[in-house]
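Colleague: Could you take me through one part of this model up close? I'd like the pairing first, then whatever else hangs off it.

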Amino acid sequence: MTNEPQVLQPSEWDAWYASLQSAFAADETSEEQELNRALTESERSIGVWDEGRPVATAGLLSFRMAVPGGAVVPAAGVTMVSVAPTHRRRGLLRSMMRRQLDDVREAGEESLAVLTASEAGIYGRFGYGLAARSLSARIDTARVALELPAGTADEAAGLRLRQSDEAASLLAECESVYARAVPRRPGMLERRPGWERVPLVDPERKRDGASPLRCVVVLRDGEPVGYARYAVRLHWTQTGAAEGEVRLRELEALDPAGHAALWRFLWGIDLTATVVADDRPLDDPLLHLVDDPRRCATAFRDALYLRPVEVGAALAARGYAAPVEVVLEVEDAFCPWNTGRWRLSGDVKGAVCEPTRDAADLSLSVRELGRAYLGGTSLSALAGAGLVREQRPGSGALAAASAAFGSDVQPWLPHGF
Ligand SMILES: CC(=O)SCCNC(=O)CCNC(=O)[C@H](O)C(C)(C)COP(=O)(O)OP(=O)(O)OC[C@H]1O[C@@H](n2cnc3c(N)ncnc32)[C@H](O)[C@@H]1OP(=O)(O)O
């Protein structure tokens with residue numbers, strides 16, 4: 001056996017996928033498996049085989065992702081990574097990470113790679129930095145009131161809601177809202193055909209007593225401007241009082257009145273006293289619409305990890321919140337072609353980033369660049385942790401670059417992959 005990954009042949013998918021399932025101790029339905037088969041890009045998937053059996057798996061997905069400035073750019077989605085329990089800790093993951101990044105670079109389409117991690121400690125060594133976090137909340141809706149600004153509340157009252165107990169039946173409306181939301185928020189992924197089915201996956205084993213996924217759409221003059229997908233879990237106390245839970249899976253709205261209408265709807269679902277929302281953006285408007293944030297039990301967690309595969313092309317692909325002219329000294333042990341000094345000149349409209357021999361203003365590793373890329377973590381915050389260094393302290397280069405890299409809208413990944 002060698003550690004050398006091989007490209008997956010479509011005929012090998014069943015065994016390859018079974019190996020992945022085993023590593024995750026997963027128990028998927030045939031419907032989930034068929035969806036994952038359809039979404040697998042075989043020619044971009046690899047595995048390691050030992051005596052004819054797959055013992056390691058990894059895939060790449062051809063995404064397009066929103067970046068600061070509003071562009072939507074190609075990004076390689078790293079997924080389905082596994083190594084069989086019998087073959088762990090002998091370098092198979094490392095060899096697959098090597099192969100993937102070399103392949104992405106050689107294909108020349110994507111300057112970024114992104115992933116969601118099963119364990120946060122795995123991917124930093126390969127240059128992936130935490131680029132977007134997500135917010136969760138458990139809101140006591142019996143005691144926390146919504147404070148909707150007069151204008152939005154009035155307009156929300158005039159919007160029409162259409163609800164279905166079958167989430168899939170309002171698919172076209174939801175997808176039209178989602179597609180318009182993508183360029184507005186860094187980190188959001190366009191949904192290629194087939195991906196619209198991913199947020200609808202709703203196996204019984206994951207419901208924990210809740211209803212199947214439902215959907216509500218907000219319409220203005222017949223045009224969808226927002227939607228939410230949610231489930232309801234009923235619960236009765238010993239005395240017979242209803243204390244059910246609304247479990248929010250997904251919510252998108254294109255304007256404040258759409259948000260107001262959706263949150264008011266979720267708050268008002270009969271027989272419930274809690275709204276649980278797991279994957280919200282850190283700057284969710286909801287945070288400003290509740291009268292008692294202490295009873296919202298908010299927390300955040302890591303969501304999207306990003307790695308610049310080609311530093312020059314990656315930094316040139318996004319816009320900058322303020323004009324920036326800076327030389328970055330980048331260190332990249334895993335992809336040494338990125339190591340060196342890069343001059344970045346950019347503004348809101350776009351940027352140029354090329355190798356230079358000029359003296360560096362800031363030095364950082366490629367992982368920190370991944371952390372700062374979507375604008376969710378500032379270069380100044382990373383400098384505060386000692387991870388970005390200003391070469392001439394007091395030059396103002398750090399503050400200027402940090403402001404330029406920032407995003408007014410927090411990056412967010414609404415669904416996993
Ligand atoms: C994007 C996604 O798909 S995320 C899904 C990842 N898959 C899973 O979590 C499924 C269960 N786990 C597994 O299949 C395996 O344990 C894997 C894929 C996480 C690791 O595979 P291995 O072949 O054992 O890793 P490999 O031997 O190449 O180790 C490479 C390095 O990562 C480290 N590492 C491996 N697993 C972990 C972990 N779970 N946490 C932290 N570090 C880890 C190793 O210590 C090694 O570090 P070093 O280079 O500093 O010495």
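In β5, which residue is the bridge partner of Ala76?

Modeller: Ala113 is the bridge partner of Ala76 in β5. Before we go on, a note on the ground rules: this is a predicted model, where local features need pLDDT of at least 70, side-chain atom pairs count only at pLDDT 80 or more, and totals for chains, interfaces and linings use all residues. Residues are numbered from 1 along each chain as its sequence is written.

Now the strand itself. β5 covers residues 112-115 (strands are DSSP runs of E with at least two residues, helices are runs of H or I with at least four, all numbered from the N terminus). Ala76 belongs to the β4 side of the pairing: β4, residues 72-83, runs parallel to β5 and is joined to it by three bridges (two strands pair if DSSP finds at least two bridges between them). The other partner is β12, residues 299-308, which pairs with β5 in the antiparallel sense over four bridges. There, Leu115 has Tyr305 of β12 as its bridge partner.

What about the faces of β5? Both are covered: Leu112 and Val114 are buried on one side, and Ala113 and Leu115 are buried on the other (buried is 20 or more other C-beta atoms within 10 Å of the residue's own, exposed is 12 or fewer, partly exposed is in between, with C-beta atoms placed from the backbone). So the bridge partner of Ala76, Ala113, is one of the buried residues because it meets that cut-off.

Between β4 and β5 you have α3, residues 92-107, and the three elements make a right-handed β-α-β unit (with the strands pointing away from the viewer, the path from the first strand over the helix to the second runs clockwise).

The ligand brings us back to this unit. β4 and α3 each supply at least two residues of the shell around the ligand, and β4 gives the largest share, six residues. There are 22 residues around the ligand, and those that come nearest are Val81, Val83, Arg88, Leu93 and Ser118 (near is a backbone-placed C-beta atom within 6 Å of the molecule or strand).

Following the chain back from β12, you find Cys296 in the loop between β11 (272-280) and β12. Cys296 counts as buried, because it has 20 C-beta neighbours inside 10 Å. Between the C-alpha atoms of Cys296 and Glu119 there are 26 Å, with the two positions 177 residues apart along the chain.

Pro149 makes a useful contrast. It sits in the loop between β6 (129-140) and α4 (150-158), and is partly exposed because 13 other C-beta atoms lie within 10 Å. From Pro149 to Val78, which are 71 residues apart along the chain, the C-alpha separation is 42 Å.

Further along there is another set of strands. β13 (residues 324-331) and β14 (residues 340-347) run antiparallel, joined by seven bridges, and Val324 has Gly346 as its bridge partner in β14. Gly346 also has a partner in β15, namely Ala351. β14 and β15 (residues 350-355) pair in the antiparallel sense over six bridges, and a hairpin of two residues joins them.

Last stop is α8, residues 366-373: eight of its eight residues are buried, so the helix is largely enclosed by the rest of the structure. Among them are Arg367, Glu368 and Arg371. Gly375 follows α8 and has a positive phi, near 85°.
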